[in-house]
Amino acid sequence: TEPQYRQKGTAQTLENELKRKGVTDVEIIDLDPMETLSPPDDKLDAGWYERRMRHNIEELKKALR
């Protein structure tokens, strides 16, 4: 999912349908496509892009363990 979309219903529906069909190892994660800035959580400065990319990498690492 993407952080700018508050409703996670579509992702949850997809997860439920996959589990219903026998795919049990499903995890929804939040990745930031960096299309929006969500103040005050993040500060737009020279390090913003790197922080967001590192966040995305950490989320992927957690999901792939």
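A good place to start is a polar pair: a polar atom in the side chain of Asn56 sits 2.8 Å from the backbone nitrogen of Asp32. The model you are looking at is predicted. Its protein chain holds 2 helices and 0 strands, and 17% of its 65 residues count as buried. Here is a short tour, beginning with the surroundings of that pair.

**Around Asn56**
- Asn56 belongs to helix H2, which covers residues 48-64.
- Is Asn56 buried or exposed? Its relative accessible area is 10%, and because the cut-off for buried is under 20%, Asn56 counts as buried.
- Once neighbours within four places in sequence are set aside, Asn56 is in contact with Leu31 and Asp32.
- Asn56 and Ile29 are 27 residues apart along the chain, and 9.4 Å separates their C-alpha atoms.

**Around Glu59**
- Helix H2 also contains Glu59.
- Glu59 has a relative accessible area of 17%, so this residue too falls under the 20% cut-off and is buried.
- Which residues does Glu59 touch, not counting those up to four places away in sequence? They are Ile29, Asp30 and Leu31.
- Leu31 therefore appears in the contacts of Asn56 as well as in those of Glu59, under a contact limit of 4.5 Å between heavy atoms.

**Helix H1 and what follows**
- Helix H1 spans residues 9-20.
- At 1.5 Å a residue, its 12 residues should span 16 Å, and the end C-alpha atoms are indeed 16 Å apart, so the expected and modelled lengths agree.
- After H1 comes Gly22, with a positive phi near 100 degrees.
- Val23 lies in the loop between helix H1 and helix H2.
- Val23 has a relative accessible area of 38%, which means partly exposed, as the value lies between the 20% and 50% cut-offs.

**Surface and contacts of the whole chain**
- Val23 joins Leu14 and Leu18 in making a nonpolar surface patch of about 230 Å².
- For the protein chain, the accessible surface comes to about 5400 Å², and carbon and sulfur atoms own 54% of that surface.
- Among contacts in the chain with a separation of 6 or more, 52% are between residues 24 or more positions apart.

How values were computed: Residues are numbered from 1 along each chain as its sequence is written. This is a predicted model: local features need pLDDT of at least 70, side-chain atom pairs count only at pLDDT 80 or more; totals for chains, interfaces and linings use all residues. Side-chain values use heavy atoms; hydrogens and water are left out. Helices (H or I, at least four residues) and strands (E, at least two) are DSSP runs, numbered from the N terminus. Buried means under 20% relative accessible area, exposed over 50%, partly exposed in between (1.4 Å probe, protein chains only). Accessible areas come from the Shrake-Rupley method with a 1.4 Å probe; for residues, only the protein chains shown count as cover. Patches are made of residues with over 30% relative accessible area and no salt bridge: like charges are joined within 9 Å, nonpolar side chains (Val, Leu, Ile, Met, Phe, Trp, Tyr) within 5 Å. A salt bridge is a side-chain nitrogen of Lys or Arg within 4 Å of a carboxyl oxygen of Asp or Glu. A polar contact is a pair of N or O atoms within 3.5 Å; within protein, one must be able to donate a hydrogen and the other to accept it, and residues adjacent in sequence count only if both atoms are side-chain atoms. The expected span of a helix is 1.5 Å times one less than its number of residues.
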